[in-house]
Amino acid sequence: MAVTKVYIVYYSLYGHVDTMAREVLRGASAVEGVEATLWRVPEMLSDLILEKLKAPSKPNDVPDIRPEQLVEADGLIFGFPSRFGMMPSQLKAFFDATGGLWASQALAGKPAGIFWSTGFYGGGQELSALTAITQLAHHGMLFVPLGYTFGRGMFEMDEVKGGSAFGAGTFAGDGSRQPTELELQQAFYQGKYIAEVTKKLKG
């Protein structure tokens with residue numbers, strides 16, 4: 001049986017998106033016949049700036065990805081911390097470097113999903129996904145939202161929860177808040193769901 005490759009490509013400054021990405025990975029890896037891999041978008045900030053921002057060290061078990069490597073994947077899931085309702089400059093610069101892939105439409109037809117972290121409710125829990133979809137559209141990728149397939153977890157009102165019909169999400173607050181169990185469950189579900197869709201389309 002042919003292996004279905006799903007790449008989880010993300011940028012994380014303070015670790016919230018990294019935590020979510022690892023759950024997305026677990027979910028995608030739970031699908032039989034799927035090979036899921038974590039990839040990190042290259043950092044643009046200098047070590048000095050990262051130190052001043054008190055950013056933790058990057059995990060050494062996730063390699064940086066080059067734009068041309070996106071072609072290897074059958075499905076893609078992008079994760080990022082929101083900056084004023086949009087993806088951060090690190091991920092935008094990565095997409096800006098995919099001009100050659102755009103010219104040949106090498107990514108057209110590939111299913112893709114989005115997950116994110118914002119500071120608070122007004123930080124872009126849905127807008128972050130909406131603004132990121134433009135990148136997928138120009139490449140001809142097929143955006144795969146979760147809809148309300150996550151079930152009861154989509155209607156949770158008794159606790160603070162990130163995410164929406166567009167994908168999984170978390171709130172970082174002042175930076176001290178970490179993804180909750182419910183948010184991680186949705187991240188796991190998103191990885192599994194998109195992996196299943198990717199496998200179905202490939203087959």
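**Notes on the predicted model: salt bridges, strand β4 and its surroundings**

1. Let's start with a long-range pair: K202 and D74 form a side-chain salt bridge, with N and O 3.2 Å apart. K202 belongs to helix α6 (residues 181–202) and D74 to the loop between α2 and β3, so this contact links distant parts of the chain, 128 residues apart. K202 is partly exposed, at a relative accessible area of 40%. Bear in mind throughout that this is a predicted model.

2. How many salt bridges does a search of the whole structure find? The count comes to 10. Another of them joins the side chains of K58 and E43, at 3.0 Å from N to O. K58 sits in the loop between α2 (47–52) and β3, while E43 sits in the loop between β2 (34–40) and α2, so the pair ties together parts that are 15 residues apart in sequence. Both ends are partly exposed: K58 has a relative accessible area of 27%, and E43 has 25%.

3. Helix α1 has a salt bridge of its own. R22 pairs with D18, and their closest N and O atoms are 2.9 Å apart. Both residues lie in α1, 4 residues apart, which is about one turn of the helix. That spacing fits the usual geometry: an α-helix has 3.6 residues a turn, so residues three or four places apart point the same way. Are the two partners buried or partly exposed? R22 counts as partly exposed at 27% relative accessibility, whereas D18 is buried at 13%. The pair also belongs to something wider, since salt bridges with shared partners join D18, R22 and D61 into one network.

4. Staying with α1 (residues 16–29), have a look at E23, which is found in that helix. E23 is buried, with a relative accessible area of 16%; the cut-off for buried is under 20%. What does E23 touch, leaving aside residues up to four places away in sequence? The contacts are L184, A187 and F188.

5. Now to strand β4 (residues 111–118). Here 8 of the 8 residues are buried, so the strand is largely enclosed by the rest of the structure. The side chains in a regular strand alternate between the two faces of the sheet. In β4, one side carries P111, G113, F115 and S117, and the other carries A112, I114, W116 and T118; all of these are buried, which leaves both faces covered.

6. Which strands pair with β4? Strand β3 (residues 75–81) runs parallel to β4 and is joined to it by 6 bridges, with P81 standing opposite S117. Strand β6 (residues 169–171) also runs parallel to β4, through 3 bridges, and there S117 stands opposite T170. So much for S117, which has a partner in β3 and one in β6. Strand β5 (residues 142–143) pairs with β4 in the parallel sense too, over 2 bridges, and P111 stands opposite L142 in β5.

7. The route from β4 to β5 goes through helix α5 (residues 127–139), and this β-α-β crossover is right-handed. Within α5, the buried residues are S128, A129, A132, Q135, L136 and H139. The elements covering them include β3, α3 (89–96), α4 (99–104), β4 and β5, so β4 and β5 are both strands of the crossover and part of the cover over its helix. Just after α5 comes G140, with a positive phi near 75°.

8. A quick look at α3: S89 lies in this helix. S89 is partly exposed, at a relative accessible area of 46%. Its C-alpha atom is 8.3 Å from that of M44, although the two residues are 45 apart along the chain.

9. Finally, the annotation. UniProt lists residues 6–194 as "domain: Flavodoxin-like", in an unreviewed entry. In the model, the end C-alpha atoms of that span lie 9 Å apart. The span is 32% helix and 17% strand.

Terms used. Residues numbered from 1 in each chain as written. Predicted model: local features only at pLDDT ≥ 70, side-chain atom pairs only at ≥ 80, totals over all residues. Heavy atoms only, no water. Buried < 20%, exposed > 50% of the residue type's maximum accessible area, 1.4 Å probe, protein only. Pairing = 2+ DSSP bridges. Right-handed = clockwise from strand over helix to strand, strands pointing away. Contact = heavy atoms within 4.5 Å. UniProt positions renumbered as here; feature names shortened; annotations may be inferred. Salt bridge = Lys/Arg side-chain N within 4 Å of Asp/Glu carboxyl O.
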